[in-house]
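Biologist: I'm new to this structure and would love a close look at a single part of it. Could you pick one strand and walk me through its surroundings?

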Amino acid sequence: MSSPVFDLPGHSDILDAAQRLTGHAVRTPLLRNDWLDDRLGARLFVKAECLQRTGSFKFRGAYNRISRLSDAEKQRGVIAYSSGNHAQGVAAAARLVGTHATILMPTDAPAAKVEGVRFWGGKVVTYDRASESREAIGARIAAEEGRILVPPYEDRFIIAGQGTAGLELVEQMAALGLAPDIVSAPAGGGGLIAGTGLAVKHAHPDAQVWAAEPEGFDDHKRSLAAGHRVANDRLTGSICDAIITPTPGELTWQLNSHQLSGGVAVSDDEVLQAMALAWRHLKIVIEPGAVVALAAVLSGKLDIAGKTVCVLATGGNVDRAMFARALELG
């Protein structure tokens, strides 16, 4: 049986996406803190994508994809499924380019994210992530209404758009005269870390790129160990709602299977402590699923002593009660 052919993005696609996003996406800052460096015995830089438009990196990929729709496709509108960050990115991008969006969101999606979708004019349709297939529902609505599906990660333009965060990171480090030894990012379906890996490896082939995930939902870590995609046993049960996916994406895996050095899994308590430390020392608000890479570093689960390390803090859309819980624990 022949292997499937994938429409994989390359570094040139990231450069093209960066041009398309100019004037629309925020060039987010790269932060550091003396106290954190002293505690870790390393140079730590945090790419604050929590300060991105709509509060997460997802706007990058959504805009790169939706801005390419033809006039006829814009008339039909788009549909997407997401626990919230991709949802908000799609809703915002749709409004900015002159189309309309329907968004499938799980019933347990944070209220802040649902409100964000509605702010941008998106129509929200809910589903039960434990018993219903968002892919099946999305395919049905797309067929019935003629909408264009904007997937969260299985698309070359989505991956390339997310990769602009990694491209900026590389450029910002170069401006400081530095090169990263280790780069870590949260991994759900794998679109961000695939695009980031492309950008980082192009500039620094010897840099390590690590996936960070919640304990019990570490499908990238286990897939890398097995040499093929494996699935999580469950779809609920973590505070990191933004990166709970059944298995690594089929398209993203083609990049991540050879770009990643490994995966790291962190507990809910480690996530909450990282949120509190980021607030205290970096002065930023990060949501649970977006802070797992920082949590992996702060918990000592990555060997970073004496190294230059970059982590992506990928979103800041957290409900007040959850953030208060983090501050109380921290």
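**A close look at strand S8**

Modeller: Happy to! Strand S8, residues 208-214, is largely enclosed by the rest of the structure, because 6 of its 7 residues are buried. Buried here means a relative accessible area under 20%. Please keep in mind that this is a predicted model.

Let's take the neighbours of S8 in turn. One partner is strand S7, made of residues 182-186, and the two pair in the parallel sense over 5 bridges. To find this pairing on your screen, look for Val 183, which stands opposite Val 209 in S8. You can also follow the chain between these two strands: helix H9, residues 191-203, joins S7 and S8 in a β-α-β unit, and this unit is right-handed.

Another partner of S8 is strand S9, which covers residues 262-266. Here too the strands run parallel, with 5 bridges joining S8 to S9. A handy landmark for this pairing is Pro 214, which stands opposite Val 266 in S9.

If you then move on to the loop between helix H12 (268-282) and helix H13 (292-298), you will meet Lys 283. Its phi is near 65°, a positive value in a residue other than glycine. Unlike a buried residue, Lys 283 has a relative accessible area of 64%, so it counts as exposed, the cut-off for that being over 50%.

So, back to our strand: S8 pairs with S7 over 5 bridges and is joined to S9 by 5 bridges, with 6 of its 7 residues buried.

Note on methods
Residues are numbered from 1 along each chain as its sequence is written. This is a predicted model: local features need pLDDT of at least 70, side-chain atom pairs count only at pLDDT 80 or more; totals for chains, interfaces and linings use all residues. Side-chain values use heavy atoms; hydrogens and water are left out. Helices (H or I, at least four residues) and strands (E, at least two) are DSSP runs, numbered from the N terminus. Buried means under 20% relative accessible area, exposed over 50%, partly exposed in between (1.4 Å probe, protein chains only). Two strands pair if DSSP finds at least two bridges between them. A crossover is right-handed if, with the strands pointing away from the viewer, the path from the first strand over the helix to the second runs clockwise.
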